[in-house]
Amino acid sequence: MEVFYIYEVFQSFLSAPAYHLLLEGLLIIWILRLIFTKSYKPHRTELTEKEKEDLIADWCPEPITPDTPASHHALHPRVVDGKPGKLVTVNGQQCINMATLNFLNMIGNSDVEQAAINTLRTYGVGSCGPRGFFGTTEIHLKFEEALSKFMGVEETVMYSYGFATIASAIPSYAKRGDVIFCDEGVNFATQTGITASRSNIKFFKHNDMEDLERLLEEQAVVDKMNAKKAKVVRRFLVVEGLYMNYGDICPLPELVALKHKYKVRLFVEESLSFGVLGERGRGVTEHYGVLVDEIDLIVASLENAMAVIGGFCCGKSYVVDHQRLSGVGYAFSASLPPMLASAAIAVLDKMENDREMFHILQQNCTLMHKKLSSIPGIVVDGRAIAPIKHLRLKGLENRSREHDVTILEKIVQEAERKGVALVVARYLDNKEHKLPKPSIRLAVNSGLSEKELESVIEVLKNVISNVIANDLVYSITKIPNKRCAVNTFCKFFLMN
């Protein structure tokens, strides 16, 4: 049988056309050439020993990290001793705390501390496991249930780190090929989340609804041109409730109207507005009287008003539950220590039963905003009822960013010596989508009395006046033209 098969092959070979045999022969030769020849033959240059030594001597490796000046703020951290409540001890100096975001004055609250201590004795310090791998305790579930009830939503998922909450939530939904419309003023954690999603990102001008609608109209035109592709492209709208970098509030009713008009999913980051805005501290939805169901996903940190660690996402069950498998920060990070979850439950209980704290906070914010606005030489950014204020310099034009930061740092240092703790707002300059102007970030606390707020204002008035005046005198001495110097001096005092 094998002999017959070989005979048949041989006969077929003899009967094949000559051009066919030639083509097969060339193909065999080409295949053999590919197998036995190298595709790349590097040109070898033999170096002498002297040439090798010269190359080694000339080689200069790039530094692993860039050079950092000795005066950089990160090299001189302010050391806090004790609890950073409404009063804080910084580098041995007791100050009124206007730096940390302890809006509801929950740091040092005895009830919150006792709840954490009781849980510590039962569950220990940490969880040492993600939520899906023996990291879920009864305390975590209790907090999620309590927060869902407080916010009036179907479900809540709890994260162990505030920054990772929004940075994980966005890419768990938005993927490559999707479109994200994002306010250019969002904080860096939100920027990290939209970048990690690898979606098509379209930034609109800060709180500019006309610019947002322009981008939405452009996307609608693109969708009509390719209706088949548009069916699988998801569109997201990402904003902050109360903006960290500006202290102003998003126009939520207009955003909801655009959401319905252009069929986009609305995500609101409420790290600063939760526990601050609204009659009961429920955030920007309560502030505007917008139904919470109008928001597809609410994301917030627990590290500001609630004074613990972690964050949460809440909304419809079919939306939120998706993160338990796809939220990287949830699925792969160790869960929040149970004692901190208990502390968060205690704070939430106080928020439900003591509405007066929100009224006091808003009173303090309004008073502080009014008093700060009367100080010459600075501009106060943000809404009056917002607990975060940005103090920016005004006056002379054409100053460098570095110069403004230096002046602001001098104001902060001098205020600290006089008993007021402040902080210059810091950013990753080369990574921010839109770098905000230099500012002093001031945080208002509901525990501060009117007398303490007045004391802060008095210190700021004196310090700002002295620092700006000294800087102005120094700058004028550097101007060679005396007439220009006099004009500059007069212009400053006319503007202030």
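At the start of helix α8 in this predicted model, a side-chain oxygen of Asn187 reaches to within 3.3 Å of the backbone nitrogen of Ala189. The helix itself covers residues 188-196, and its buried residues are Ala189, Thr190, Gln191, Gly193 and Ile194. These buried residues pack against helix α7 (162-173) and against the strands β5 (179-183), β6 (200-204), β7 and β8. Just after α8, Arg198 takes a positive phi of about 60°.

**Strands β7, β8 and β9**

Two of the strands that α8 packs against, β7 and β8, also pair with each other: five bridges join β7 (residues 235-240) to β8, and the two run parallel. Between them the chain passes through helix α11 (residues 252-262), making a β-α-β crossover that is right-handed. Strand β8 (residues 265-269) is mostly covered, since four of its five residues are buried. Three bridges join β8 to strand β9 (residues 297-301), and this pair runs parallel as well.

The table below sets out some bridge partners in the strands of this model.

| Residue | Bridge partner | Strand of the partner |
|---|---|---|
| Val238 | Phe267 | β8 |
| Val268 | Ile298 | β9 |
| Leu87 | Ile96 | β3 |
| Asp381 | His390 | β12 |

Two residues of β7 can be followed in more detail. Val239 lies in this strand and, at 1% relative accessibility, counts as buried. Leaving out residues up to four places away in sequence, Val239 touches Asp183, Val186, Phe204, Cys250, Leu255, Leu266, Phe267, Val268 and Glu269. With Glu49 the situation can be given as a distance: the two residues are 190 places apart along the chain, and their C-alpha atoms are separated by 63 Å.

Is Arg235, the other residue of β7 to be followed here, buried or exposed? Arg235 is found in strand β7, and its relative accessible area is 13%, so it counts as buried, the limit being under 20%. The side chain of Arg235 reaches the backbone oxygen of Val233 at 3.0 Å. When residues up to four places away in sequence are not counted, Arg235 touches Val179, Phe181, Gln219, Asp223, Ala230, Lys263, Val264 and Arg265.

**The nonpolar core**

In soluble globular proteins, nonpolar side chains tend to be buried together. The largest nonpolar core of this model has 121 residues, among which Met98, Phe274 and Met306 touch the most other members. Helix α19 (residues 450-477) supplies the largest share of this core, namely nine residues. Apart from its neighbours within four places in sequence, Met306 is in contact with Met106, Phe143, Phe274, Ala344, Val347, Leu348 and Met351.

**Two open sheets of four strands**

One open sheet of four strands has the order β1-β2-β3-β13, with mixed pairing. Its edge strands are β1 (80-81) and β13 (420-421), each of which pairs on one side only. Within this sheet, four bridges join β2 (residues 87-90) to β3 (residues 93-97), and these two strands run antiparallel. Helix α18 (residues 401-417) lies across β2, β3 and β13, running at about 115° to β3.

Another open sheet is formed by four strands in the order β11-β12-β15-β14, and here the pairing is antiparallel. Strands β11 and β14 (423-424) stand at the edges with a single partner strand each, so one side of each is left without a neighbour in the sheet. Helix α18 lies across strands of this sheet too, namely β12, β14 and β15 (440-443), and runs at about 120° to β12.

Strands β11 and β12 form a hairpin with six residues between them, and Gly382 in the turn has a positive phi of about 110°. Four bridges join β11 (residues 378-381) to β12 (residues 388-393), which run antiparallel, and Val379 stands opposite Arg392 in β12.

Which residues of β11 point to one face and are buried? In a regular strand the side chains alternate between the two faces of the sheet. Along β11, Ile378 and Val380 point to one face and are buried, whereas Val379 and Asp381 point to the other face and are not buried.

Definitions and conventions
Residues are numbered from 1 along each chain as its sequence is written. This is a predicted model: local features need pLDDT of at least 70, side-chain atom pairs count only at pLDDT 80 or more; totals for chains, interfaces and linings use all residues. Side-chain values use heavy atoms; hydrogens and water are left out. A nonpolar core is a set of buried Ala, Val, Leu, Ile, Met, Phe, Trp, Tyr and Cys residues joined through side-chain atoms within 4.5 Å. Buried means under 20% relative accessible area, exposed over 50%, partly exposed in between (1.4 Å probe, protein chains only). Contact means heavy atoms within 4.5 Å. Two strands pair if DSSP finds at least two bridges between them. A crossover is right-handed if, with the strands pointing away from the viewer, the path from the first strand over the helix to the second runs clockwise. A polar contact is a pair of N or O atoms within 3.5 Å; within protein, one must be able to donate a hydrogen and the other to accept it, and residues adjacent in sequence count only if both atoms are side-chain atoms. Axes are lines fitted to C-alpha atoms, for helices over the stretch in contact, and angles run from 0 to 180 degrees between N-to-C directions.
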